[in-house]
Amino acid sequence: MAKAQGISRMAVQRIWDRHGLKPHLTKTFKLSGDKRFVEKLYDVVGLYLNPPDKAMVLCVDEKSQIQALDRTSQDCRSRRGVAGQ
């Protein structure tokens, strides 16, 4: 990544550390099957790099592989003095 961006290896490490990124711990990566993925990616990244005047960019992290736990489950009930998970 450093070579591709023309910066030092330590600069990449500092950026990762600053943003809490740990790509070395990622075991899998799922690439979108959307035929317009690259086009959409450029649109989204473009908004971050060059936002229009008076624009607001909102980001939603979709985690389609994670299912919500049933709140009626004994393990999920809130208890006094215990923070939610």
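# Exercises on a predicted model

In this predicted model, V12 is part of helix α2, which covers residues 9–18.

**Exercise 1.** Decide whether V12 is buried or exposed, and find which residues V12 touches, not counting residues up to four places away in sequence.

*Solution.* Begin with the accessibility of V12, whose relative value is 7%. Buried means under 20% relative accessible area, and V12 at 7% therefore counts as buried. Next, look for the neighbours of V12: leaving aside residues up to four places away in sequence, V12 touches M1, A2 and I7. Finally, take A2 from that list and consider the backbone, where the C-alpha atoms of V12 and A2 are separated by 6.1 Å, although the two residues are 10 residues apart along the chain.

**Exercise 2.** Describe the chain as a whole, starting with how many helices and strands there are and going on to what share of the residues is buried.

*Solution.* Counting the elements gives 3 helices and 0 strands, and reading along the sequence gives the pattern α-α-α. Turning to burial, the chain has 85 residues, of which buried residues make up 5%. As a last step, consider the accessible surface, which comes to about 9100 Å² for the chain, with 55% of it belonging to carbon and sulfur atoms.

**Exercise 3.** Work out which residues make the nonpolar surface patch of about 1200 Å², and place L41 in its helix.

*Solution.* The patch is made by F29, L31, F37, V38, L41, Y42, V44, V45, L47, Y48 and L49. Among them is L41, which lies in helix α3, a helix that takes in residues 37–49. The relative accessibility of L41 is 41%, and L41 therefore counts as partly exposed, since that term is used between the limits of 20% and 50%.

**Exercise 4.** State how many salt bridges a search of the whole structure finds, then examine the partners of each one.

*Solution.* The search finds 2 salt bridges. One of them joins K40 to D34, and here the closest N and O atoms are 2.5 Å apart. To judge how open these partners are, note that K40 has 37% relative accessibility and so counts as partly exposed, while D34, at 33%, is likewise described as partly exposed. Another salt bridge brings together the side chains of E39 and R36, with a distance of 3.2 Å from N to O. The accessibility of E39 is 43%, which means that E39 counts as partly exposed, and R36 has a value of 45%, so R36 is also classed as partly exposed.

Conventions. Residues are numbered from 1 along each chain as its sequence is written. This is a predicted model: local features need pLDDT of at least 70, side-chain atom pairs count only at pLDDT 80 or more; totals for chains, interfaces and linings use all residues. Side-chain values use heavy atoms; hydrogens and water are left out. Helices (H or I, at least four residues) and strands (E, at least two) are DSSP runs, numbered from the N terminus. Buried means under 20% relative accessible area, exposed over 50%, partly exposed in between (1.4 Å probe, protein chains only). Contact means heavy atoms within 4.5 Å. Accessible areas come from the Shrake-Rupley method with a 1.4 Å probe; for residues, only the protein chains shown count as cover. Patches are made of residues with over 30% relative accessible area and no salt bridge: like charges are joined within 9 Å, nonpolar side chains (Val, Leu, Ile, Met, Phe, Trp, Tyr) within 5 Å. A salt bridge is a side-chain nitrogen of Lys or Arg within 4 Å of a carboxyl oxygen of Asp or Glu.
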